[in-house]
2 protein chains.
Amino acid sequence: MNDKVRPIDVTTVQERVYQELRNALFQGRFMPGEVLTIRALAAALGTSPMPVREAIQRLVTENALTQLPNRTFQVTALTLENYDEWIRLRCEVEGYAAQRAALRAPACVCSELRKINKTFERAVEAGDSVGMLQGNQHFHFAVYEAAESDALLKMIGSLWLRFGPVLSFVQNVSGSTEMFRRGATVHERVVAAIERRDAKEARFALALDIRAASSWFRLHHFGSAGASQPQPAPRQGRH
Amino acid sequence: MNDKVRPIDVTTVQERVYQELRNALFQGRFMPGEVLTIRALAAALGTSPMPVREAIQRLVTENALTQLPNRTFQVTALTLENYDEWIRLRCEVEGYAAQRAALRAPACVCSELRKINKTFERAVEAGDSVGMLQGNQHFHFAVYEAAESDALLKMIGSLWLRFGPVLSFVQNVSGSTEMFRRGATVHERVVAAIERRDAKEARFALALDIRAASSWFRLHHFGSAGASQPQPAPRQGRH
DNA sequence: ATTATTGATCTGTGATCACAGTCGTTGGCG
DNA sequence: CGCCAACGACTGTGATCACAGATCAATAAT
């Protein structure tokens with residue numbers, strides 16, 4: 001019977017709405033601070049408000065959306081005050097993931113990572129801004145998947161949700177090419193560290209990548225004023 | 001007019017349900033693997049099913065509850081396979097919080113921490129098992145609050161949610177007194193490190209505390225061997 | 001006596017409705 | 001001309017209902 005019909009999607013409508021909103025946030029299709037209404041989303045998604053409100057509540061729990069005192073929802077806007085806070089958290093958690101990947105990843109993933117980074121580099125040289133963002137994201141998550149921890153991967157995905165809207169803002173800023181080009185170099189450094197199982201260096205290099213990109217973002221997003229440099233050196237975890 | 005009436009709770013019913021369930025999980029009032037039904041909870045809480053399902057969905061996104069393929073909900077049961085995974089994550093994240101606390105905390109919080117730890121020690125010596133758990137939790141979160149990061153605090157709370165049910169299981173295991181007594185000693189080591197702003201040592205000591213407690217828990221919860229015993233909760237779920 | 005089937009009951013899910021707030025606009029009054 | 005009040009069009013929230021799938025139990029058939 002398997003040759004006659006194929007399995008269909010049996011997931012909940014609410015789950016699909018959640019995934020759709022998540023993807024949209026990831027790809028920066030929403031602006032930071034943008035107001036979302038349940039009914040409008042329901043109409044756009046072609047469902048009733050019911051699944052949408054549950055999906056929205058889940059995103060609020062993840063801090064991807066914020067509920068104002070008016071009880072209206074908006075895409076969480078990173079302020080200058082808590083921007084560095086989030087970046088440092090990312091350095092810790094994603095650095096740990098890289099460290100774990102260096103200890104666990106089989107050798108074959110390194111060539112895979114290099115291939116992904118090559119695609120990323122091509123997008124950079126071509127000036128394809130959406131390709132850059134996607135390539136960068138693709139590389140990072142390939143590393144995190146190599147850490148082989150569902151819990152960790154989920155946590156990182158939750159962290160990235162808050163930066164998706166920021167990306168949308170940076171898409172059309174000139175000068176990003178140079179920044180991404182340096183990023184590709186650091187990526188190679190990460191892969192090399194994973195290849196020789198140097199967990200400490202993998203962690204440092206990945207945190208460096210985040211820190212470099214974040215300071216560039218901060219400069220163009222908030223302006224230079226008040227910009228405090230994140231911690232001078234990454235702290236190594238002990239085991 | 002302020003002297004005639006006092007402010008009342010204007011939060012959403014859904015929010016209150018969420019907090020109530022969260023507290024219940026924190027305090028280990030639910031068994032790992034216990035099955036929860038929306039209607040039963042709604043009746044127990046005195047509301048309609050509507051706020052409950054939203055609260056439950058939020059807890060599912062936090063991995064505090066799990067939705068089976070049956071689409072029924074159960075309190076997430078930590079298996080031997082992913083137990084260590086969660087513990088290592090906790091060591092990283094909570095260790096980072098301790099490190100941050102060491103760098104930021106004003107001196108006055110150290111005396112506060114010592115006071116909390118003293119209360120904890122008294123509960124240990126008195127053999128008050130719920131007092132031990134509460135005291136331990138109280139101390140840890142006092143440290144994490146000293147890190148002064150809402151995002152971090154929320155993330156840690158989310159991590160602890162999964163260990164609440166485990167605590168309920170360990171409450172009536174003999175020999176916990178000795179374990180907690182050692183914990184109080186390590187707590188003191190954490191405070192000392194924070195006091196002299198030794199971030200590295202604070203991180204190490206706090207991770208040590210988690211690791212020591214977790215290996216003790218694992219021994220009594222899963223048994224010494226790799227064989228994981230069937231979950232202590234009722235029946236349900238053959239999938 | 002044992003197995004298979006059917007029926008009742010309970011599960012989550014989605015839609016719809018009612019309601020109480022909030023916001024913006026428009027109308028009328030000073 | 002400017003300000004304020006009232007109205008109307010939104011918002012999220014909670015309750016209720018209808019329905020499909022799953023579970024369990026009792027009954028019927030072998």
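Trainee: What rotation superposes chain A on chain B?

Mentor: In this predicted model, a rotation of 180° does it, with 0.0 Å of shift along the axis. The RMSD is 0.1 Å. The two copies are thus related as by a two-fold rotation axis.

Trainee: Okay, and how many residues of chain A are in contact with chain B?

Mentor: 17 residues of chain A, and they touch 18 residues of chain B.

Trainee: Which helices of chain A supply at least two residues each to that side?

Mentor: Helix 3, helix 4 (80–104) and helix 7 (150–161). Helix 4 of chain A gives the most, with six residues.

Trainee: What's the mix of residue classes on the side of chain A that touches chain B?

Mentor: You get seven charged residues there, plus five polar and five nonpolar ones.

Trainee: Why do we say the copies meet through the same surface?

Mentor: Because 82% of the interface residues of chain A are also interface residues in chain B.

Trainee: Switching to the DNA now. How many residues surround strand C, and which are the closest?

Mentor: 18 residues surround DNA strand C. The closest are A:V13, A:Q14, A:S48 and A:M50 from chain A, along with B:T37 from chain B.

Trainee: Which elements give two or more residues to the surface near strand C?

Mentor: From chain A, helix 1 (13–26) and helix 3 (49–61). From chain B, helix 2 (38–45) and helix 3 (49–61).

Trainee: And how many nonpolar, polar and charged residues does the surface near DNA strand C have?

Mentor: Eight are nonpolar, seven are polar and three are charged.

Definitions and conventions. Residues numbered from 1 in each chain as written. Chains lettered and ligands numbered in written order. Predicted model: local features only at pLDDT ≥ 70, side-chain atom pairs only at ≥ 80, totals over all residues. Near = placed C-beta within 6 Å. Helix = DSSP H or I, 4+ residues; strand = E, 2+ residues; numbered from the N terminus. Nonpolar A, V, L, I, M, F, W, Y, C, P; charged D, E, K, R; others polar. Least-squares fit on C-alpha atoms with pLDDT ≥ 70 in both. Contact = placed C-beta atoms within 7 Å.
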